[in-house]
Amino acid sequence: MLVILVCDTQIPDLEGWGNFGTQTRRLLEQANYLGDISEYVICDKQYDAVYAHLDSRQDIDAIVLTGSRSDSFGDDEWIEALVQFINPYCGKIPLIGICFGHQIIGRMMGLKSIRNPLGWELGRPNFKRNEELDPSIFESLPSTISMTEFHQDVVQSPDDPEIQIIGSTTLCSNQGMYHSSKMIFTVQGHPEFTDDFSRSLLLIMVHEGKISHDKYIKALKSFSKTTNHGEIIGQAMARFLARHKPTTFRASLN
């Protein structure tokens, strides 16, 4: 069973697309991931019960952490509990992190997350893919990746040579991480976001005063200038999960 830990509540007025967990499930299913998937919201007071339930199971094949509007470097109880929960699974089953999830996995590995002094990264910037990434997982990704971004926090780049950075933009040096032996795959962007969802989310952000009108327009224009490689990134995630099939690591959980 693949477990999606949903790190945010449903965003009002965007119910038609579902929460971040629903969108992540859809991304993996579109990539022909055939395993069972279960979603658990863990950003409320019920996280202890969720973790107790999951720790009692013997059929967790992988864990995916979704995005969130919360700060990954925060001291909220549920955030600290999340870091503690995933730590024992590191190196035993695959861990995938998206945006906030990417930052939380970085925090688990001792990497610092901060508010980006360069501000929000929004829209869909292009960046060069690290050509040294495992071709059996990443070969379908184009040399220049276009990934949807909605973040104002960033993770420091690791010193550990075993942790490969997927790529960098002018606003964010760590656009994702891959660690083969620890079975970690993260992205700072949102491959699960469709363009329609992204445009609607941007409109909410500008109406709420979280971003300026100029940033809103610039982000909108980036969608028409680039190709959304979210589905291709989802396929890479599916290959990553297939690489570490349950039979290869189930016994290590005992």
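The lining of the largest pocket in this predicted model brings together eleven nonpolar, seven polar and seven charged residues. The pocket itself has a volume of about 430 Å³. If you would like to find its centre on screen, look for Ser68, Arg69, Trp120, Phe150 and Lys210, which are the closest to that point among the 25 lining residues. Turning to secondary structure, at least two lining residues come from each of α4 (100-108), β9 (149-151) and α6 (195-207). The biggest contribution is that of α6, which provides three residues.

Let us move on to the second largest pocket, where about 310 Å³ of space is found. It is lined by 14 residues, and those closest to its centre are Glu121, Leu122, Pro125, Leu171 and Lys218. Here β6 (121-123) and α7 (213-225) each contribute at least two residues to the wall, with α7 giving the most, namely four. Sorted by class, this lining comprises five nonpolar, five polar and four charged residues.

From the open pockets we can go to enclosed space. One cavity of 30 Å³ or more is present in the structure, and the largest cavity holds about 40 Å³. Its wall is made by Phe127, Phe138, Leu141, Ile145, Met147, Ile166, Phe185, Val187, Ile233 and Ala236. The elements that supply two or more of these residues are β13 (184-187) and α8 (230-243). What classes of residue make up the lining of this largest cavity? There are ten nonpolar residues in it, with no polar and no charged ones.

Aromatic side chains offer another way to read the model. The structure contains twelve aromatic pairs, and ring pairs join Trp17, Phe20, Phe150, Phe193 and Phe197 into a cluster. Phe150 is a good residue to pause on: it belongs to this cluster, and it is also listed with the residues closest to the centre of the largest pocket.

Finally, it helps to place a recorded annotation on the chain. In an unreviewed UniProt entry, residues 43-194 are annotated as "domain: Glutamine amidotransferase". Across that stretch, helix accounts for 21% of the chain and strand for 24%. The C-alpha atoms at its two ends lie 24 Å apart. With the annotated range in view, you can return to the largest pocket and trace α6 (195-207), the helix that gives the most to its lining, and then follow α7 (213-225), which has that role in the second largest pocket.

How values were computed
Residues are numbered from 1 along each chain as its sequence is written. This is a predicted model: local features need pLDDT of at least 70, side-chain atom pairs count only at pLDDT 80 or more; totals for chains, interfaces and linings use all residues. Side-chain values use heavy atoms; hydrogens and water are left out. On a 1 Å grid over the protein atoms alone, a cavity is a set of points where a 1.4 Å probe fits but cannot get out, and a pocket is an open set with protein on both sides within 12 Å along at least five of seven lines; lining residues have an atom within 4 Å of a point. Grid points are joined across faces, edges and corners, and a volume is the space filled by probe spheres set on the points. Ala, Val, Leu, Ile, Met, Phe, Trp, Tyr, Cys and Pro count as nonpolar, Asp, Glu, Lys and Arg as charged, and the others, Gly among them, as polar. Rings of Phe, Tyr and Trp (its six-membered ring) pair if their centres lie within 6.5 Å; planes under 30 degrees apart count as stacked, over 60 as edge-to-face and the rest as tilted. UniProt positions are given in the numbering used here, feature names are shortened, and annotations may be inferred rather than shown by experiment.
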